Amino acid sequence: MGCLTWLFERFANEPSRNFMIWRDQPYTYAWLIERVREWETRLDAADVAPGTVVALEGDYSPQVVALMLALIERGTILVPLTASVEVHKEEFKQIAEVQVVIAIDTNEQSSISRRPTEVRNDLTRKLIASGDPGLVLFSSGSTGKSKAALHNFIGLLEKFKTPRHSMITLTFLLLDHIGGINTLLYVLSNTGCVVTVEDRDPDKVCAAIERHRVEVLPTSPTFLNLLLISEAYKRHDLSSLKRVTYGTEPMPEHTLQRIHEILPQAELLQTYGLSEIGIMRSKSRSSNSLWVKVGGEDFETRIQDGTLWIKARSAMLGYLNAPSPFDADGWFNTGDAVEVDGEYIRILGRTSEIINVGGQKVYPAEVESVLLQMPNVRDVAVTGEPNPITGQIVVARFNLFEPEDVAQFRKRVRDFCRDRMAAFKIPARILIVENEQYSQRFKKMRRQPAATGGTNHESQ
Amino acid sequence: MNRSDVMDLIVTTLQDLLASDPARAGLPIEEGTRLYGPEGLLDSLRLVSLVLDLEQEINDRMDTAITIADSRAMSQQRSPFRSVGSLADYIVRLLADEQQQAA
């Protein structure tokens, strides 16, 4: 009996239901069962034994899902790689000690190739010896070098055995991201349906929601900002949405209020997850509240010096290329600064992103939230910069709708901020930039690209 | 940019910054006007803003890359930031140094 027998039984009970809408075409659970069997045969023929480290190149598609399930069932160590990490693929394969690469292209054509690699990493060897399937996820690397987190897949699957609502969910997060894996497993374990989109353009996403009556939209605050700016919600019927979840970065309060206004019928929920510990169940105090209760049966949390620590049953085994981040008792420092109110917490931002102006703390998200309310501001990213006078200063890089004179814009920003935030939080350096400031995962990029060779035109 | 251009720029930039401060807006700005410290026009945050605004404006106009507030400025015997005139002097010196380096 494989580790996914329970899941395949659920599929078999709902053969005619769609598990995925891909390029506007439906694919059923009966189809999925068939493809998983085909893959089992192909993997046998290609001699992909349990314990092999397999890179799966591709993104949300019916074949990719079928192959992924076959690889988990087989007890391999899965390394999902999407096009978004194209430039790092070779480096990631070396770190993960990938032995077999299975690529599925945009036309669902697959190819299998071998790499002459012996697994030397102790963590991986131990997992292979246990016979359990594994998963390697790379941190997004927004703060330096990517770290490879090795998970025992059994631990990640555990919470999905409890049946929950079956919903039509739009996929947004990539499959090599903990949020993307979580969404997929949630949908499949409840025989729901995943709707995929080719493009993350707000209008195309909204069109897909309308056409397929999507009920759940897992997304990020940055995408929600873009949704508001584009006014795409005015051009499409989004009344089918019952739940919008957001995570991966702190939510600007203003964005949350506006989304609540335009989607009054939808429950807005914050999720909290990290590549290292998996996704926790969370409960927002209300749809327009940033206060959230995190945890669930498999998680313990504690606050130490204002920072959130987590102990999770689904935690990774460790990093493949960095020392263990867990303390002796298995607690993980999330690096997220939080405020506490009874059982609720509010996430303020990454401890490492806090700006210290003359000894006073500034959270980028809080300042961005105010600046986004300014007329003609399309997007803004706030960072710290060393300054000999105040230690650090607040720097704001703006994207505007219409060009504006920089000196006048600076004055306008300061006038706008004066009654809305403490003086030390008001940006000292105000720049207008032309490049977009969010990553492929639609997460705010506060680290700026290198000054040379980029397309970072800054008007000073 | 000669010294009087620099002075003019400091005065207009200061006026912009102080427009939001009813207690100080409209005060005369002269060579000897104190910028920071006792009887200074600015608090530390506005001083930082003044310096950054001047840097951006000058570098933009002159195609230079001067840094007004750095460890060099902070280690001067007499702070360049004590008065409007001393700041103008310091900026003129920085521009001259940069020109020399370029030559």
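In the predicted model, helices H3(A) and H7(A) lie roughly perpendicular to each other, because the angle between them is about 85° and angles of 65 to 115 degrees count as roughly perpendicular. H3 spans residues 62-74 of chain A and H7 spans residues 178-189 of chain A, and their axes are 13 Å apart. On the side of H3(A), the contact is formed by A:Val65, A:Met68 and A:Leu69, and on the side of H7(A) by A:Ile181, A:Leu184 and A:Leu188. By class, this contact consists of six nonpolar residues, with no polar and no charged residues.

H3(A) also belongs to a right-handed β-α-β unit, together with strands S3(A) and S4(A). S3 covers residues 53-57 of chain A and pairs with S4(A) in the parallel sense, over five bridges. Within this pairing, A:Leu56 stands opposite A:Pro80 of S4(A).

Strand S4, residues 77-81 of chain A, is mostly covered, as five of its five residues are buried. The side chains of the strand are divided between two directions: A:Ile77, A:Val79 and A:Leu81 point one way, while A:Leu78 and A:Pro80 point the other way. Residues pointing in either direction are buried, that is, under 20% relative accessible area.

S4(A) has a further pairing with strand S7, which comprises residues 134-138 of chain A. The two strands pair in the parallel sense, over two bridges. Here A:Leu78 of S4(A) stands opposite A:Leu135 in S7(A). S4(A) thus pairs in the parallel sense with S3(A) and with S7(A).

Technical notes
Residues are numbered from 1 along each chain as its sequence is written. Chains are lettered from A and ligands numbered from 1 in the order in which they are written. This is a predicted model: local features need pLDDT of at least 70, side-chain atom pairs count only at pLDDT 80 or more; totals for chains, interfaces and linings use all residues. Side-chain values use heavy atoms; hydrogens and water are left out. Axes are lines fitted to C-alpha atoms, for helices over the stretch in contact, and angles run from 0 to 180 degrees between N-to-C directions. Helices (H or I, at least four residues) and strands (E, at least two) are DSSP runs, numbered from the N terminus. Contact means heavy atoms within 4.5 Å. Ala, Val, Leu, Ile, Met, Phe, Trp, Tyr, Cys and Pro count as nonpolar, Asp, Glu, Lys and Arg as charged, and the others, Gly among them, as polar. Buried means under 20% relative accessible area, exposed over 50%, partly exposed in between (1.4 Å probe, protein chains only). Two strands pair if DSSP finds at least two bridges between them. A crossover is right-handed if, with the strands pointing away from the viewer, the path from the first strand over the helix to the second runs clockwise.
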